[in-house]
Amino acid sequence: ERLEINGVKVALLAKRNRGRTVTVASDFRYGNVKTPTGHGVMDVLVGPMLTRGTDTKSRDQISELMTNLRMQGDALSFQTDHDHVVAALELMGELTTKSTFPPKQVKQLIHQVKTSIQSKTDDPGKLARDAVNRHFRTYPEGDPRSAMTMDEMLAALSTVTRDEIAKWFADVIGTDHGQIVVVGDFDVQAVK
């Protein structure tokens with residue numbers, strides 16, 4: 001069944017399966033060519049920040065709730081089961097509308113991402129990718145369509161602030177244009 005809910009295209013395919021599993025996948029379109037440049041690092045940070053705190057739940061509470069709801073994946077695309085899909089979708093809604101970007105969690109995530117990138121700075125495959133991206137760059141540096149090199153990503157991570165991430169989320173990212181697909185063993189009316 002295909003429908004539209006608040007501007008979001010939804011496709012539901014209910015079918016029985018042995019494990020009573022349900023897969024939820026979403027893709028939200030945001031920004032455009034006129035979106036402010038120089039924020040390529042935001043996509044790396046915003047997604048993981050959704051599960052690090054809301055106005056009513058801490059990171060630990062969110063993590064425990066995702067475990068209890070048998071959610072495997074992230075806040076926007078996950079697998080769960082028949083008994084937990086409705087509550088998992090409700091949590092997804094809360095995470096995409098009420099995330100608070102706690103300052104301590106922002107610092108921790110930035111440190112984790114920087115450490116991960118720094119551990120790959122001598123990887124021949126990553127260095128080759130950076131060289132190809134620089135050589136064939138068709139968009140100016142900072143353009144949202146331009147792939148960032150590891151050095152550019154590290155530089156951006158060194159200067160980004162919690163307020164910039166929260167503002168980017170509030171001003172640019174939204175769930176009003178996108179698609180959600182739910183496939184598996186679920187009650188269609190309850191999911192709607």
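Asn-6 sits in the loop that links strand 1 (2-5) to strand 2 (8-14). This is a predicted model, and the loop is a handy place to start looking around. The phi of Asn-6 is near 50 degrees, a positive value in a residue other than glycine. Most residues other than glycine have a negative phi. With a relative accessible area of 71%, Asn-6 is exposed.

Phe-101 also has a phi near 50 degrees, again a positive value in a residue other than glycine. Its home is the loop between helix 3 and helix 4. Phe-101 has a relative accessible area of 2%, so it counts as buried. Here are the two residues side by side.

| Residue | Loop | Phi | Relative accessible area |
|---|---|---|---|
| Asn-6 | between strand 1 and strand 2 | near 50 degrees | 71% |
| Phe-101 | between helix 3 and helix 4 | near 50 degrees | 2% |

Phe-101 has a partner, too. The structure holds 1 aromatic pair. Its members are Phe-101 and Phe-169, with ring centres 5.2 Å apart and planes at 65 degrees, so the pair is edge-to-face. Phe-101 comes from the loop between helix 3 (85-98) and helix 4, while Phe-169 belongs to helix 7, so the pair ties together parts that are 68 residues apart in sequence. Both phenylalanines are buried.

Staying with helix 7 (residues 162-171), we find Glu-164 there as well. Glu-164 is partly exposed, at a relative accessible area of 35%. Apart from neighbours within four places in sequence, Glu-164 is in contact with Met-42 and Thr-159. Met-42 is 122 residues away from Glu-164 along the chain, yet their C-alpha atoms are separated by 8.8 Å.

Now for the helix packing. Two packed helices are described by the angle between their axes and the distance between the axes. Take helix 4 (residues 103-118) and helix 6 (residues 150-159): their axes come within 10 Å and cross at roughly 160 degrees. An angle over 145 degrees counts as roughly antiparallel, and helix 4 and helix 6 are therefore roughly antiparallel to each other. Helix 4 passes helix 6 in a left-handed crossing. On the helix 4 side the contact uses Ile-110, Val-113, Lys-114, Ile-117 and Gln-118, and on the helix 6 side Met-150, Met-153, Leu-154, Leu-157 and Ser-158. By type, the residues of this contact between helix 4 and helix 6 split into 7 nonpolar, 2 polar and 1 charged.

Which residues of helix 6 are buried? They are Met-150, Glu-152, Met-153, Leu-154, Ala-156 and Leu-157. These buried residues pack against helix 1 (42-49), helix 4 and helix 5 (124-135).

Helix 1 and helix 4 pack against each other as well, at an angle of about 125 degrees and with axes 11 Å apart. That angle makes helix 1 oblique to helix 4. Helix 1 passes helix 4 in a right-handed crossing. At this contact, Val-44, Leu-45, Pro-48 and Met-49 of helix 1 meet Gln-105, Val-106, Leu-109, Ile-110 and Val-113 of helix 4. The split by type for helix 1 with helix 4 is 8 nonpolar, 1 polar and no charged. Ile-110 and Val-113 of helix 4 turn up in the contact with helix 1 and also in the contact with helix 6.

Technical notes
Residues numbered from 1 in each chain as written. Predicted model: local features only at pLDDT ≥ 70, side-chain atom pairs only at ≥ 80, totals over all residues. Heavy atoms only, no water. Helix = DSSP H or I, 4+ residues; strand = E, 2+ residues; numbered from the N terminus. Buried < 20%, exposed > 50% of the residue type's maximum accessible area, 1.4 Å probe, protein only. Contact = heavy atoms within 4.5 Å. Axes fitted to C-alpha atoms, helices over the stretch in contact; angles between N-to-C directions. Parallel < 35°, antiparallel > 145°, perpendicular 65-115°, else oblique. Left-handed = near helix turned anticlockwise from the far one by under 90°. Nonpolar A, V, L, I, M, F, W, Y, C, P; charged D, E, K, R; others polar. Phe/Tyr/Trp six-rings, centres within 6.5 Å; stacked < 30°, edge-to-face > 60°.
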